[in-house]
Amino acid sequence: MIEVAINFVLFFMLITTAIAAARMTHLFAVVMLSGTFSLLSALLLVTLDAVDVAFTEAAVGAGISTVLMLGTLALTSRTEKPSSHSPLVPLVVVVVTGAAIIYGTLDMPNFGAGDSPAQLGVAASYMERSPHEIGVPNVVTGILASYRGYDTLGETAVVFTAGAGVLLLISGLRARRRREDEEDDEAGAGS
Amino acid sequence: MFVVAALALFLAMVLVLVRLYAGPTLYDRVLAVNSFGTHTVLFIGVLGFLTGRPDFLDIALLYAMINFVGTIAILKYFRYRAIGDISQIPGDQGAGQ
């Protein structure tokens, strides 16, 4: 009962935040509102007991994307241009997509149902086997690091490659800018 | 008792959201987002005790850290009009002094 009330209040705040963000034209305020939106969705995920997903949402949504969007604002304009087309077509697309997604949830098992496919599959056997096969107290860690070890290794390699690539690109850009600045200075001194 | 605390937190959140929507200045909004982050931390704590499982208190601490770093980034944007690479901005020499 209390959790239902909490969910209602949080969803109400989420919807009002979304509407306010959609109606605002000052982009800095929109960035602030999107940060609040992520914090609210993180709170909703915490009430759903998905603490790890909630933390990812807060770190990526409220932390990194706010910083990235502010960096974008620093490079571009701070106010929204008035759009030239009618908002009717995007609205229809969004409503149809949302209706399709809600229709898709009708087949899903209830929240926390014991007979959902996730509970009936291999989960029980992993719960049984992992303590004596692997010896890690946390079953999720055991699955990630041992049963799915090669998969996790591949994921880590992909993330590392992406990070190294971004760092290389940024450092190359910086070095080029510095060189151009020095050339400008020399040209200014010579003229 | 924790129900009362949760209700009071919701009331505080609504007040902060009103300030966030209405503005009027950008600093009001920055302060509102920062304050809302603090309310998130508090609400995670209250929710843990409300459901009888206060295991997530350490995660609330992490939220406090994210909130702090985010606010620093926003204020840095206000000060320098850029997030990274400050030395490249012309006419900004010695702005930190």
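**Exercise 1. Classify A:Glu133 as buried, partly exposed or exposed, and find its salt-bridge partner.**

Solution. Step 1: in this predicted model, A:Glu133 has a relative accessible area of 44%. Buried requires under 20% and exposed over 50%, so a residue in between is partly exposed. A:Glu133 is therefore partly exposed.

Step 2: the partner is A:Arg129, with the closest N and O atoms 3.2 Å apart. The cut-off for a salt bridge is 4 Å.

Step 3: A:Arg129, at 32% relative accessibility, is also partly exposed. The two residues are 4 apart in helix H6 (residues 123–133) of chain A, so about one helical turn separates them.

**Exercise 2. Describe the salt bridges of A:Arg148.**

Solution. Step 1: the side chain of A:Arg148 meets that of A:Asp151 at 3.1 Å, N to O. A second salt bridge joins A:Arg148 to A:Glu155, where the closest N and O atoms are 3.6 Å apart.

Step 2: A:Arg148, A:Asp151 and A:Glu155 are thus linked in a network of salt bridges.

Step 3: relative accessibility is 36% for A:Arg148, 41% for A:Asp151 and 42% for A:Glu155. Each value falls in the partly exposed class.

Step 4: the count over all chains is 3 salt bridges.

**Exercise 3. Compare the spans of H2(A) and H3(A) with the expected values, and locate the bend in H3(A).**

Solution. Step 1: H2(A), residues 27–47, has 21 residues and reaches 30 Å from its first C-alpha to its last, close to the expected 30 Å. Of its 21 residues, 16 are buried. A:Asp49, with a positive phi near 70°, follows the helix.

Step 2: H3(A), residues 51–75, has 25 residues and reaches 35 Å, close to the expected 36 Å.

Step 3: the bend in H3(A) is at A:Ser65 and amounts to about 35°.

**Exercise 4. State what covers the buried residues of H3(A), then describe the interface of chain A and chain B.**

Solution. Step 1: the buried residues of H3(A) include A:Val51, A:Ala58, A:Gly61 and A:Leu70. Their cover includes H2 of chain A together with helix H3 (57–80) of chain B.

Step 2: chain A and chain B bury about 3,300 Å² between them, with 79% of this area on carbon and sulfur atoms. The contact takes 39 residues from chain A and 34 residues from chain B.

Step 3: the rule finds 0 salt bridges across this interface.

Conventions. Residues numbered from 1 in each chain as written. Chains lettered and ligands numbered in written order. Predicted model: local features only at pLDDT ≥ 70, side-chain atom pairs only at ≥ 80, totals over all residues. Heavy atoms only, no water. Expected span 1.5 Å × (residues − 1). Buried < 20%, exposed > 50% of the residue type's maximum accessible area, 1.4 Å probe, protein only. Bend = angle between axes of the 7 residues up to and from the residue. Contact = heavy atoms within 4.5 Å. Buried area = accessible area lost by both parts, 1.4 Å probe.
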